[in-house]
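Work through these exercises with the structure open beside you. Try each task before reading its solution.

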Amino acid sequence: MRYSIWSLINQALTGNRNWTPVWREPEPKSHYDIVIVGGGGHGLATAFYLASRYGMKNIAVLEKGWIGSGNIGRNTTIVRSNYLLDGNEPFYEQSLQLWEGLEQDINYNAMMSQRGIINLYHSDAQRDSYVRRGNAMRLHGADAELLNQDQLRSLCPFLDYENARFPIMGGLLQKRAGTARHDAVAWGYARAADQRGVDIIQNCDVTDFLIKDGVCTGVETSKGTIRAGKIGVAVAGSTSRVMAKAGLRLPIESHVLQAFVTEGLKPVIPGVITFGAGHFYISQSDKGGLVFGGDIDGYNSYAQRGNLPVFEDVCEGGMAIMPMIGRARMLRNWGGIMDMSMDGSPIIDKTPIDQLYLNAGWCYGGFKATPASGLCFAHLLARDEPHKVASKLRLDRFRRGAMLDERGAGAQPNLH
Amino acid sequence: MIINHPHLGPRDASEFTILGDASLINRPDWQARDADDAFYNYQYLRDNPAGLHRELWFHEQGDRSWLVVTRDTVTHAVIAVALASDIAKAAKAKTAQKTAPKKVAAKKTAAKKAVIKRNAT
Ligand SMILES: Cc1cc2nc3c(=O)[nH]c(=O)nc-3n(C[C@H](O)[C@H](O)[C@H](O)COP(=O)(O)OP(=O)(O)OC[C@H]3O[C@@H](n4cnc5c(N)ncnc54)[C@H](O)[C@@H]3O)c2cc1C
């Protein structure tokens with residue numbers, strides 16, 4: 001069924017009795033041309049672009065739990081392309097452009113809202129570095145505007161401009177950035193892929209790889225053996241665990257990142273705002289809840305929950321820039337497992353095992369990357385060569401010394 | 001998380017910073033033939049297990065000692081804590097033991113050489 005204003009009116013007038021399931025629930029076949037392991041945003045987007053842009057058929061997505069149970073349904077939904085480095089910025093800008101046409105592409109309301117992001121600066125040196133970043137963005141075709149304090153005051157009168165320790169001097173604005181509804185992105189890609197014949201198989205845990213003479217020919221799963229021409233793995237926080245089954249050790253650690261949501265409030269926060277002197281980012285959902293987060297907890301974790309010190313640190317960050325939120329009550333908090341890479345940038349590449357491909361290392365920035373990650377991974381799987389905007393996101397860059405370290409923090413995942 | 005410090009008793013994990021996998025203690029030999037590979041493995045690759053994980057914690061807001069904490073990454077339970085210096089010393093002693101016979105042998109040959117030298121003069 002194609003969704004449109006007419007389908008909506010039609011269903012409303014007929015008592016909403018004729019909606020059909022959003023995707024099929026097929027039994028797995030014994031062989032596919034391409035199997036994607038992991039039904040998160042990236043796996044589903046990959047399947048969609050393989051089918052829609054690369055004309056591939058006979059594709060399955062194998063998901064251990066249910067669609068949307070991983071990070072795609074756990075993030076703080078910020079979409080932006082304000083990166084600095086040559087290897088990253090074109091990729092994220094490509095992603096933002098895909099976001100801009102996404103809802104038409106997949107015929108699904110992902111509630112993509114380009115309400116803008118403002119990164120606050122608190123010192124002259126930080127302003128200079130934001131000027132540099134803004135220029136790098138514009139050189140790659142992205143939009144960036146430097147706001148002085150007066151301009152910022154007119155947009156966000158509620159910030160604590162007089163803060164003695166971290167005075168707010170202005171911000172770097174990317175107007176085209178914003179937020180999207182994370183679950184809808186998973187569901188929309190799943191539905192669009194399913195409509196193009198992709199089998200989405202839930203509750204199908206991949207337990208092993210079939211590898212012979214350095215060639216991967218399929219996977220063992222909780223639903224039996226599935227053979228495949230090519231296998232693409234996009235399992236985010238579970239990457240090391242899953243790839244260990246193929247005998248690979250990777251430049252990745254798994255860490256927990258928490259998110260926080262308050263009770264619903266009237267609209268107060270115009271877009272996304274980030275603190276420049278600590279780690280805190282906030283936006284307001286369409287339901288009114290303030291959605292915010294900060295640093296990862298910092299220790300390796302597969303627990304999908306974090307601890308209280310980070311809770312406190314995040315709230316302190318919020319209070320430092322907008323004391324008005326101090327009386328909002330926190331309703332919910334949860335954690336997700338991040339695949340933190342050694343330089344803070346992702347990997348979309350072949351592996352040393354033939355026919356086995358890897359999509360990983362998204363750290364806590366993989367939601368915005370979902371469309372481009374899917375497109376570039378599909379390109380790699382279909383053409384056996386990297387997409388031009390992902391040409392630097394290689395697995396061997398650590399050995400070559402060609403790191404993409406936006407933060408300049410070195411090979412310590414918990415600092416990225 | 002509570003870390004049971006060998007000297008100071010139970011301390012809140014927020015007093016510490018964590019560096020990462022305890023394998024970082026075993027810095028490879030920079031003069032070895034395979035130093036390139038060894039350093040790549042050491043610096044960039046991680047086991048990243050779901051389950052028991054040995055890791056280096058620094059008691060930054062305490063006695064500034066380095067600890068090796070064995071922790072379950074699935075439950076966050078702290079299983080064992082030891083001083084990193086003790087572990088490094090024990091590892092050194094072990095390798096010393098392993099290489100010791102060689103040293104003795106080397107000394108012997110050196111002694112032999114000395115004898116030969118003396119005979120020659
Ligand atoms: C709290 C939080 C806030 C975040 N905020 C942002 C943000 O504001 N902006 C942003 O850009 N990014 C953000 N991120 C990061 C982003 O959510 C992730 O980088 C991204 O979702 C990861 O890709 P994915 O969607 O494919 O992952 P996932 O949804 O985690 O997909 C991986 C899937 O693989 C499955 N899987 C694992 N093992 C197996 C197996 N053996 N067999 C089969 N399937 C398996 C899992 O069940 C899971 O569904 C945030 C993350 C968290 C946790």
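**Exercise 1.** Decide whether Phe280(A) is buried or exposed.

*Solution.* This is a predicted model, and the values are computed from it. Start with the relative accessibility of Phe280(A), which is 1%. Buried means under 20%. Phe280(A) therefore counts as buried. Now take Phe292(A). Its relative accessibility is 4%, so Phe292(A) is buried too.

**Exercise 2.** Classify the ring pair of Phe280(A) and Phe292(A), and say which parts of the chain it ties together.

*Solution.* A pair of aromatic rings is described by the distance of the centres and the angle of the planes. Step one: the centres of Phe280(A) and Phe292(A) are 5.6 Å apart. Step two: the planes stand at 45 degrees. Planes under 30 degrees apart are stacked, and those over 60 are edge-to-face. The angle here fits neither class, so the pair is tilted. Step three: place the residues. Phe280(A) sits in the loop between strand 13 and strand 14 of chain A, and Phe292(A) in strand 15 (residues 289–300) of chain A. The pair thus ties together parts 12 residues apart in sequence.

**Exercise 3.** Over all chains, the rule counts 19 aromatic pairs. Classify the one formed by Phe166(A) and Phe275(A).

*Solution.* The ring centres are 5.7 Å apart. The planes meet at 75 degrees, so this pair is edge-to-face. Next, locate both rings. Phe166(A) is in the loop between helix 5 (149–155) and strand 6 (170–174) of chain A. Phe275(A) is in the loop between strand 13 (272–274) and strand 14 (281–284) of chain A. They lie 109 residues apart, so the pair links distant parts of the chain. Finally, check accessibility. Phe166(A), at 24%, counts as partly exposed. Phe275(A), at 8%, counts as buried.

**Exercise 4.** Describe the interface of chain B and chain A.

*Solution.* Count contacts: 24 residues of chain B touch 24 residues of chain A. Add the area: the two chains bury about 2,200 Å² between them, 50% of it on carbon and sulfur atoms. Look for charges: the rule finds 3 salt bridges across the interface. One of them joins the side chains of Arg399(A) and Asp37(B), at 2.5 Å from N to O. There are also 15 residue pairs in polar contact. On the chain B side, strand 3 (17–21), helix 1 (35–44) and strand 4 (52–58) each give two or more residues. Helix 1 of chain B gives the most, with 5 residues. By class, this side has 10 nonpolar, 8 polar and 6 charged residues.

Conventions: Residues numbered from 1 in each chain as written. Chains lettered and ligands numbered in written order. Predicted model: local features only at pLDDT ≥ 70, side-chain atom pairs only at ≥ 80, totals over all residues. Heavy atoms only, no water. Contact = heavy atoms within 4.5 Å. Buried area = accessible area lost by both parts, 1.4 Å probe. Salt bridge = Lys/Arg side-chain N within 4 Å of Asp/Glu carboxyl O. Polar contact = N/O pair within 3.5 Å; in protein donor to acceptor, adjacent residues only side chain to side chain. Helix = DSSP H or I, 4+ residues; strand = E, 2+ residues; numbered from the N terminus. Nonpolar A, V, L, I, M, F, W, Y, C, P; charged D, E, K, R; others polar. Phe/Tyr/Trp six-rings, centres within 6.5 Å; stacked < 30°, edge-to-face > 60°. Buried < 20%, exposed > 50% of the residue type's maximum accessible area, 1.4 Å probe, protein only.
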